[in-house]
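The following paragraphs lead the reader through a protein structure, from the chain as a whole to its interior and then to the packing of its helices.

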Amino acid sequence: ILHGGSVGRASVASRLRYGLRSGQLGLEGSVAATMVARAGLKTAILGGGMRVAPIGGGTTFMQSIGCLWVAVGITVTLQAYGAPPFVAVFISWPLYAMWVYISIPASVMVTNVMFMCVDLFFKDVTTRNTYKVPTKSPVLFVCAPHSNQLLDPLVVMRTCPRQAGFLCAAKTMRARVVGYIAAALDSIPVERAQDLKRRGTGKVTIDGLTVRGEGTAFLRELHAKDKLDFGGHEYSVVEVVGDGEARMKVAPIGLAPGLYNYSVVPHVDSASLYESVFERLGASECVGIFPEGGSHDRTELLPLKMGVSIMALGASARYPGLPIRIVPVGLHYFKGHRFRGSVLVDYGEPFAIPPELVAEYEQGGATMQGACEKLLHVVEQALTSVTISAPDYATLELFLDDAPSAHAENSRGDGRASDTGGASGAHQGFFGWLG
């Protein structure tokens with residue numbers, strides 16, 4: 001096999017039959033892997049969930065199945081010649097590893113490993129009303145409250161019946177390890193102005209709308225639409241006159257005279273972000289967003305950002321007739337984010353984007369702004385229905401509209417719980433899957 005046929009076919013076949021008769025090698029896993037490869041799928045079964053993707057890139061079906069066949073052949077042949085099973089597998093394991101590498105994408109492996117981490121971290125991960133999630137339409141998941149930048153998206157992805165790419169800070173995606181994980185999870189980078197904030201050169205003094213600098217380099221460091229941060233507030237810049245002078249949009253009130261250290265908060269153009277979201281929704285994919293804009297530890301919702309309305313209305317205007325649905329998702333942590341705590345993920349009623357708001361959005365100007373505000377109000381009301389604060393699930397049940405305990409599917413434990421509303425317990429945890 002290794003030397004292009006230098007070993008006779010009859011010899012290999014006879015020794016293969018001998019190895020199989022000896023019972024020294026169990027082929028169940030190899031047969032299953034071969035069936036997966038034959039179906040043309042890259043499959044990983046970890047963390048209790050299965051993520052599949054078609055074999056793509058430069059990997060062909062023959063490369064995948066050929067690598068696996070050679071690995072199995074070497075293992076069986078070595079045992080036929082008397083090598084101990086452990087030694088045979090140890091010698092051929094690089095080929096098995098190569099088969100996994102070329103057959104299973106890194107994103108699938110990372111996703112399932114992260115799902116397994118969620119199952120290990122939480123004692124109970126319970127979902128409710130997953131049957132309400134549309135199976136084919138593009139979906140914009142709006143989730144709240146946003147308590148933890150890392151765990152919240154993973155918990156929703158772990159329980160969601162659809163694969164969704166969540167918005168993630170571009171600064172996080174530029175990190176070496178966490179950024180690789182975020183990219184593997186199909187995250188959408190969001191450039192935030194506060195992440196690009198930098199200390200300015202020199203000091204500034206204020207004269208009405210005019211900012212005068214001493215030792216400053218405004219022409220190099222500052223641009224129109226940027227913001228100056230000094231005195232505990234941020235002020236928009238409308239014009240940079242020279243290295244030592246700039247003009248602001250609004251004059252500071254109650255600011256004591258004197259020299260101030262300052263920082264520059266650059267203006268961020270979000271056009272590329274919206275384009276990425278539009279493209280995914282246009283391809284009938286799912287996007288997840290935490291519209292509060294930042295993580296916090298409060299029990300009530302923070303004011304929602306306008307971006308979620310622009311994404312929904314903009315995609316509807318870009319693709320007329322596209323059945324985009326907005327699904328509110330409520331996260332309930334009953335012991336905070338402590339190890340072995342419990343979490344309930346509640347999926348609300350999907351709703352379509354009103355056509356009249358899309359028409360108003362397309363007009364632009366103040367009319368577009370009004371349409372975004374109207375839709376934002378609808379989103380806020382939908383989130384309110386799935387973000388009831390309670391100390392535990394038993395108490396939360398009292399406030400849920402149709403909440404017999406049978407309607408909650410426990411995705412951990414023995415894996416036997418189900419959702420009588422339509423979800424069939426397909427999101428068992430890692431230990432439930434093993435059971």
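**The chain and its interior**

In this chain of 435 residues, 43% are buried. The model is a predicted one. Its secondary structure consists of 15 helices and 18 strands. Of the contacts with a separation of 6 or more, 68% join residues that lie 24 or more positions apart. The exposed surface of the chain is about 22000 Å², of which carbon and sulfur atoms supply 58%.

The interior may be approached through its nonpolar cores. The largest of them has 35 residues, and L313, I326, I353, L375 and V379 have the most contacts inside it. Several elements each supply at least two residues of this core: strand 4 (139–144), strand 6 (188–190) and strand 14 (286–289), together with helix 10 (271–282), helix 11 (307–318), helix 12 (355–363) and helix 13 (365–384). Helix 13 gives the most, with seven residues.

I326 offers a view of this core from a single residue. When its neighbours within four places in sequence are left aside, I326 is in contact with L140, V142, A312, E349, P350, F351, I353, L375 and V379. A second core, separate from the largest one, has 29 residues, including V118, V155, F166 and V327.

Attention now turns to the helices. Two packed helices are described by the distance between their axes and the angle between them. Which residues bring helix 11 and helix 12 together? On the side of helix 11 they are I310, L313, G314, S316 and A317, and these meet L357, V358, Y361 and E362 in helix 12. Six residues of this contact are nonpolar, two are polar and one is charged. The axes of helix 11 and helix 12 come within 9 Å and cross at roughly 90°. Because of this angle, helix 11 is roughly perpendicular to helix 12.

Helix 11 also packs against helix 13, where V308, S309, I310, A312 and L313 in helix 11 meet A371, C372, L375 and L376 in helix 13. This contact has eight nonpolar residues and one polar residue, with no charged residues. The axes of helix 11 and helix 13 come within 9 Å and cross at roughly 105°. Helix 11 is therefore roughly perpendicular to helix 13.

The two accounts may finally be joined. L313 and L375, both named among the residues with the most contacts inside the largest core, also take part in the contact of helix 11 with helix 13.

Conventions
Residues numbered from 1 in each chain as written. Predicted model: local features only at pLDDT ≥ 70, side-chain atom pairs only at ≥ 80, totals over all residues. Heavy atoms only, no water. Core = buried A, V, L, I, M, F, W, Y, C linked by side-chain atoms within 4.5 Å. Buried < 20%, exposed > 50% of the residue type's maximum accessible area, 1.4 Å probe, protein only. Helix = DSSP H or I, 4+ residues; strand = E, 2+ residues; numbered from the N terminus. Contact = heavy atoms within 4.5 Å. Areas by Shrake-Rupley, 256 points an atom, 1.4 Å probe, with all protein chains shown as cover. Axes fitted to C-alpha atoms, helices over the stretch in contact; angles between N-to-C directions. Parallel < 35°, antiparallel > 145°, perpendicular 65-115°, else oblique. Nonpolar A, V, L, I, M, F, W, Y, C, P; charged D, E, K, R; others polar.
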